[in-house]
Structures are given as C-alpha cells and as structure tokens.
Amino acid sequence: MAAERALAMATCTAPVNIAVIKYWGKRDTDLILPINSSLSVTLHQDQLKTTTTAAASRDFTEDRLWLNGAEVDVGHPRVQACLREVRRLARKRRGGSEDTTTLGLLSYKVHVASENNFPTAAGLASSAAGYACLVSALARLYGVEDELSEVARRGSGSACRSMWGGFVQWQRGERPDGTDSLAHQVAPETHWPELRVLVLVVSGKKKPVASTAGMQTSVETSPLLKHRAEVVVPERLAQMIRHIRERDFEGFGQLTMQDSNQFHATCLDTFPPIFYLNDLSRHIIALAHRYNAHHGHIKVAYTFDAGPNAVIFTLADTVDEFVEVVRCSFPPTTNGDQFVRGLPVGSAALPQELMAAVVTEPVPGAVQYILHTKPGPGPQLVDDPSQHLLGADGLPRHHA
C-alpha cells in the first residue's frame with residue numbers, strides 16, 4: 001500500500017458463539033478475566049454474523065463508530081481497549097523500524113462501521129461477534145497477525161471464543177495480567193458434520209439486566225456461583241471435551257442442559273435474583289424433556305444464555321421432526337412462511353402418539369421464528385470492495 005494513499009480499509013465478518021459450559025463472573029473487571037473456564041460452539045456465519053469495516057485516513061479528524069447504521073460513542077472503554085491493544089501490537093510488530101505506511105496509518109484516526117444480521121443485546125451473543133469482528137478488522141487494517149483472542153477478550157469476554165471456529169475453550173488462565181486467559185480450538189467446525197443448531201427466538205427485546213452488571217452481582221452474592229467455578233466447572237469441561245471428541249450426542253446433550261440449568265440457578269441464587277428465562281423459556285425446557293422422554297434417549301438439548309431465547313442442539317436426522325413439534329407447540333400466527341429460517345428444513349408428519357405425549361398445550365405466536373444453523377468457522381476477511389460498510393469518504397454506505 002502506497003504511503004501517500006489517503007484511505008486504508010479492511011472488512012471482516014465474525015461469528016456468534018453459544019457456550020455449552022457457561023462463563024459467568026469476572027475476577028478482574030478491567031481485563032475481563034473470568035472466574036472459570038468455558039467452552040462454546042461457534043455458529044455458522046451464513047445465518048448469524050457481524051460485519052465490520054475499519055478505515056484509517058489522514059483526512060479523518062476523530063475516531064468514529066457506527067453500529068447498525070447509528071453513530072455510537074467511540075469513547076466506550078472497551079472499544080478503546082481494543083483499539084489501543086491492536087495499535088500496540090502493530091507498533092510492536094514493526095519493532096521500532098516502522099515503515100512510513102504503517103507509521104502513517106497508526107497516526108491516523110479510524111472510522112468503524114459494524115452491522116449485525118440478528119437482534120443486538122437480546123441474548124444472542126451480539127457483543128461476542130461484535131468485538132471479535134472489530135478486533136479482526138482492525139488487525140487486518142494494521143497488518144497484525146498475532147494471537148488476537150486476548151485482545152478480543154478486552155472488548156467482551158466471550159468475544160475471545162468467537163476468534164475461532166468449531167468448538168472452542170476459553171482458558172481461565174492464572175496470571176494477573178491476563179496473558180494466559182486465551183481461547184483455543186478444541187475441534188474444527190468440520191469435526192461433527194451432523195450437529196445442528198436451532199435458535200428459537202422468543203424475544204428480540206433488550207434483556208432486563210445486562211450481563212456485565214448481572215455477573216458482578218452474582219460474584220458478590222452467590223455462594224452457588226463460587227462452588228460452580230471452583231468445583232463443578234473443571235470436571236465438566238473435561239467431560240464436555242471428551243463428548244465432543246467422541247461425537248457422543250447423548251453425553252454432550254445432557255451436560256449442555258445441566259450446565260445451562262446450573263447457570264440460571266446461580267442467577268436465581270444471586271441477590272436480588274436475576275431472571276433471564278421467562279415462562280416461554282420454561283415451556284421450551286419442558287417440551288424438550290417430554291420429547292426426549294418419548295424417544296427414550298436424548299435427541300435434543302437446550303441451552304439458554306443471559307436471555308430468554310432457546311438454543312437447541314440436535315443431529316441432522318432429528319431436525320425435521322423437532323421443528324414440526326415446535327411448530328405444533330407454538331403455532332405461528334402471522335409469519336407461517338417465514339417461521340423457519342436459515343438452513344433448509346424438510347416437512348415431517350408427526351405420529352399421533354408423539355403428538356399426544358409431547359404437544360400438550362399449544363401457545364400460538366409465542367416463538368417468533370426458528371433459525372436453523374450449524375457449527376461454522378471463525379472470522380473471515382471480506383475481499384469484495386462492494387461489501388465494505390464505509391464508502392470512499394469514510395462514512396457509512398446505505399445499502400439498499
């Protein structure tokens with residue numbers, strides 16, 4: 001890139017991840033160091049992703065940030081932490097003998113535009129995808145190729161897990177400076193080709209208690225959370241990694257549900273208590289257990305993050321039948337043709353005995369839609385200039 005070029009730009013996409021062994025609680029709120037390790041599944045970007053464009057120019061007079069088309073405060077401490085860390089790595093990489101291009105770029109202000117193709121702050125891990133994408137785009141802009149999960153963690157803890165595809169462990173780490181609190185891949189997205197994910201969106205609304213505030217109250221007031229972090233999670237992590245490596249859905253599914261239940265129990269054990277699940281969430285939990293009981297083994301497994309939306313893990317050969325069970329249990333009222341999105345789902349005729357055992361009291365319109373996806377890769381560079389979110393003037397493009 002020529003030193004005299006006025007505008008440098010990079011665009012990346014990054015995925016959402018869903019934890020199956022949950023992270024809840026920090027031991028250092030500035031560095032975002034967790035009280036326990038965690039493990040997640042990265043979801044495919046064809047269905048859920050953040051796209052971010054970062055641009056630097058000598059013509060920019062200040063750093064600016066747009067999220068889903070609206071300008072937001074670029075001075076947010078976590079955004080600044082990511083910017084500062086990527087720039088520091090860029091300087092370190094040049095080792096003092098920086099070429100004029102990089103020196104110029106590092107002295108320029110940046111404009112960043114970011115868009116999600118899913119609801120923000122509704123318990124669908126938008127901050128994880130958002131910060132992973134911000135760090136990826138900035139790293140591309142400045143030519144940084146270092147380990148970036150530590151930087152992404154400074155934006156949002158779970159963002160470090162979105163820096164990898166497939167099945168990802170975020171190690172708690174021991175060092176006070178956080179340099180060993182990193183994410184690494186346990187298995188790639190190709191490891192378990194039959195695994196499928198159904199996101200049951202019950203609410204796109206912003207959650208009542210933000211995760212950051214909620215988890216700090218839990219750390220301060222929940223004895224159960226302390227026991228979970230110190231005693232329960234280390235053993236569960238080892239079990240979960242084994243289930244994933246062996247592609248043992250029965251073991252994976254049971255542990256996923258147990259860990260989700262315990263996470264929400266720690267929220268209830270917090271004082272005052274935090275309720276991320278609602279009546280509909282509990283309805284879905286009961287439905288999953290009835291469905292598994294009818295079949296005599298675990299065919300679907302739910303997990304809920306800090307929000308009411310259910311994430312269901314299952315295998316490809318169960319998808320059609322279970323989607324039909326959900327459709328009968330929560331009949332769509334207005335969007336029948338748009339009720340199932342993402343990967344294709346076939347039709348299924350439900351046997352009468354399954355209907356009688358599983359579909360008890362339908363609740364019309366309760367589930368807004370189902371998103372069908374699968375494990376996917378980590379952040380991707382977007383080469384096509386037409387996909388940049390910023391125009392040549394460094395301002396957001398308005399895509400039709």
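These legends go with a set of close-up views of a predicted model.

**View 1. Two domains, side by side.** The protein splits into domain 1, made of 7-187 + 380-387, and domain 2, which covers 195-373. Measure from centre to centre over the C-alpha atoms and you get 27 Å between domain 1 and domain 2. The contact draws on 30 residues from domain 1 and 49 residues from domain 2. Together the two domains bury about 3200 Å², and 71% of that is on carbon and sulfur atoms.

**View 2. What domain 1 brings to the contact.** Between domain 1 and domain 2 there are 9 residue pairs in polar contact, counting pairs with both residues at pLDDT 80 or more. On the domain 1 side, β2 (17-21), β5 (38-42), β10 (167-170) and β11 (183-187) each put in at least two residues. The top contributor there is β2, with 4 residues. Sort the domain 1 side by class and you find 18 nonpolar, 9 polar and 3 charged residues.

**View 3. The salt bridge between the domains.** How many salt bridges run between domain 1 and domain 2? The count is 1. Zoom in on K22 and D305 for a salt bridge between side chains, with N and O 2.5 Å apart.

**View 4. H191, tucked into a loop.** H191 sits in the loop between β11 and β12 (195-201). Is H191 buried or exposed? Its relative accessible area is 17%, so H191 counts as buried, the cut-off for that being under 20%. A polar atom of the H191 side chain lies 2.6 Å from the backbone oxygen of I244. Skip the neighbours within four places in sequence, and the contacts of H191 are F167, I244, R245 and R247.

**View 5. A salt bridge along helix α6.** K226 and E230 pair up in a salt bridge, with their closest N and O atoms 2.9 Å apart. Why are these two about one helical turn from each other? They are 4 residues apart in helix α6 (residues 223-245), so about one helical turn separates K226 and E230. Both K226 and E230 are exposed.

**View 6. A buried salt bridge from helix to helix.** Here the side chains of D259 and R228 meet in a salt bridge, 2.8 Å from N to O. D259 belongs to helix α7 (residues 249-269) and R228 to helix α6, so this pair ties together parts that are 31 residues apart in sequence. D259 is buried, at 0% relative accessibility. R228 is buried too, and its relative accessible area is 0%.

**View 7. Another pair within one helix, plus a small network.** D279 makes a salt bridge with R282, and the closest N and O atoms are 2.9 Å apart. Because D279 and R282 are 3 residues apart in helix α8 (residues 279-295), about one helical turn separates them. D279 counts as exposed, at 61% relative accessibility, while R282 is partly exposed at 42%. Elsewhere, E85, R88 and R154 are joined into one network by salt bridges that share partners. The overall salt bridge count comes to 12.

**View 8. A54 in strand β6.** Strand β6 (residues 49-57) is home to A54. With a relative accessible area of 0%, A54 is buried. Which residues does A54 touch, leaving aside neighbours within four places in sequence? The list is A8, M9, A10, H111, V112, A137, L138 and L141. A54 and V135 are 81 residues apart along the chain, and their C-alpha atoms are separated by 9.6 Å.

**View 9. A cis peptide bond.** Look at the bond from F271 to P272: this peptide bond is cis, with omega near -5 degrees. P272 falls in the loop between α7 and α8.

**View 10. Positive phi at I32 and N68.** I32 isn't a glycine, yet its phi is positive, at about 55 degrees. You'll find I32 in the loop between β3 (26-28) and β4 (33-34), and at 1% relative accessibility I32 counts as buried. N68 isn't a glycine either, and it has a positive phi of about 50 degrees. The loop between β7 (64-67) and β8 (70-72) holds N68, which is partly exposed at 38% relative accessibility.

Note on methods. Residues numbered from 1 in each chain as written. Predicted model: local features only at pLDDT ≥ 70, side-chain atom pairs only at ≥ 80, totals over all residues. Heavy atoms only, no water. Domains from an automatic or database assignment. Contact = heavy atoms within 4.5 Å. Buried area = accessible area lost by both parts, 1.4 Å probe. Salt bridge = Lys/Arg side-chain N within 4 Å of Asp/Glu carboxyl O. Polar contact = N/O pair within 3.5 Å; in protein donor to acceptor, adjacent residues only side chain to side chain. Nonpolar A, V, L, I, M, F, W, Y, C, P; charged D, E, K, R; others polar. Buried < 20%, exposed > 50% of the residue type's maximum accessible area, 1.4 Å probe, protein only.
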